Amino acid sequence: MRRLGIDVGGTGVKGNVVDTETGELLADRVRIETPHPATPEAVADTVAAVVETHGYDGPVGITLPSVVKAGIAHTAANIDPTWPGTDAVTLFGERLGRLPDAQRSGAGPSRPVFVLNDADAAGLAEVRFGAGAGRRGVVCMLTIGTGIGSALFLDGRLLPSSEFGHLQVDGHDAESRASAAAREREELSWPKWAKRFSRYLQVLEDLVWPDLFILGGGVSKKPDKWLPLLEARTEIVVAQLQNQAGIVGAAMAAAEDTSP
C-alpha cells in the first residue's frame, strides 16, 4: 500500500512516499526547513508544500513533536507554544484539501490525515521493519535530535506518549543536556556527550527496565562516534531506518487508519 508520510521536526519537515507493506521509500525525500515561528498555520503550509512537491493526493500520515490524543496536540516540544489545544487533524486536513491535486480528485474540503507523536511513529516503524522486529518484552525507542523523543513497546504493542525525554536527570530536563542539539550547542566532544547520555539511559532503565534500547534520530547516521562509548546494562542497538523511521511510521498510520 502506498502512502505519504511526513515527519515534522524542530529543524526540518521531511516527507516521502512509502510502501507500507515493506517499509521501502518509493521516491526522493523532500525536506523543507521548519518555519520559525513554527505556528500551526505555518507548519500546515510547509506540510502542504511537501505534499504538493510529491504530487500526491491520497491519505497522509503526519508526525508532530507533541503529545497527540484524538487528533488534538497537547504539548509543544521544539515548536511554537501556541500548539497545545490545536485540532491538528482538522488543521492539516483542511489545508491539504485546498491543494490543486485534492481539488481535481474531488476529495472535498478536507483530506484524510492521521496525526501522531514523532517518536511513536519512529518506534512503530522500527518495531515493524527495523531493529525491533520480532523482539518481545519491553522495547524503548529513543529519537535523538533537537530534543529526545521516546516510544515504549511491550511485546510489539505501543504505549503512546511516553515523553521520557523530559525526565529529570540530576536536576535537569534530560533533553536539555543530552540531546543532539545540546551536544552541538555546548560543543561537547563525543566522549563527553556519551557520558551524559549514558547517565540518562541509566536513569531511564531504572524506571522501566527495558529489554532493548533502539537509538535513532539524527545521531544514528554516525553510530561509530558514540555507540561504543555508551554505558548501560540494557542491550543497545541503532535504528535500522535511521532518520527515516518517522516518515515510515507516519505512512503506516495513514495506511492502517490509526492514530492515538
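Which residues in H1 meet which residues in H2? On the H1 side they are Pro40, Val43, Ala44, Asp45, Val47, Ala48 and Val51, and on the H2 side Leu91, Phe92, Arg95 and Leu96. Sorted by class, this contact has nine nonpolar residues, two charged ones and no polar ones. Keep in mind, while looking around, that this is a predicted model.

**Two helix pairs**

Two packed helices are described by the angle between their axes and the distance between the axes. Here is how that works out for two pairs in this model.

| Helix pair | Angle | Distance between axes |
|---|---|---|
| H1 (residues 40-54) and H2 (residues 88-97) | about 45° | 9 Å |
| H4 and H9 | about 85° | 7 Å |

With its angle of about 45°, the first pair falls outside the parallel, antiparallel and perpendicular ranges, so H1 and H2 are oblique to each other. If you follow H1 past H2, the crossing is right-handed.

Now for the second pair. H4 and H9 pack at about 85°, and since angles of 65 to 115 degrees count as roughly perpendicular, that is the label for H4 against H9. H4 brings Ala121, Ala122, Leu124, Ala125, Glu126, Arg128 and Phe129 to this contact, where they meet Ala245, Gly246, Val248, Gly249, Ala250 and Met252 of H9. By class, that contact has nine nonpolar, two polar and two charged residues.

**The largest pocket**

H4 and H9 turn up again around the largest pocket, where each supplies at least two residues of the lining. The strands S1 (2-8), S2 (12-19), S9 (138-144) and S10 (148-154) do so too, as does helix H6 (180-185). H6 gives the most, with four residues.

The pocket has a volume of about 840 Å³, and its lining counts 43 residues. If you want to find its centre in the structure, look for Ile144, Gly145, Thr146, Gly218 and Asn243, which lie nearest to that point. What is the lining made of, by class? It has 19 polar, 13 nonpolar and 11 charged residues.

**Two backbone details**

Finally, here are two spots in loops. His36 and Pro37 are joined by a cis peptide bond, with omega at about 0°. Pro37 sits in the loop that runs between strand S4 (30-33) and H1, the helix from the opening question.

The other spot is Ser161, in the loop between strand S11 (157-159) and strand S12 (168-169). Phi of Ser161 is near 60°, a positive value in a residue that is not glycine.

Notes. Residues numbered from 1 in each chain as written. Predicted model: local features only at pLDDT ≥ 70, side-chain atom pairs only at ≥ 80, totals over all residues. Heavy atoms only, no water. 1 Å grid on protein atoms, 1.4 Å probe; cavity = no way out; pocket = protein on both sides within 12 Å on 5 of 7 lines; lining within 4 Å. Points joined across faces, edges and corners; volume = space filled by probe spheres on them. Nonpolar A, V, L, I, M, F, W, Y, C, P; charged D, E, K, R; others polar. Axes fitted to C-alpha atoms, helices over the stretch in contact; angles between N-to-C directions. Parallel < 35°, antiparallel > 145°, perpendicular 65-115°, else oblique. Left-handed = near helix turned anticlockwise from the far one by under 90°. Contact = heavy atoms within 4.5 Å.
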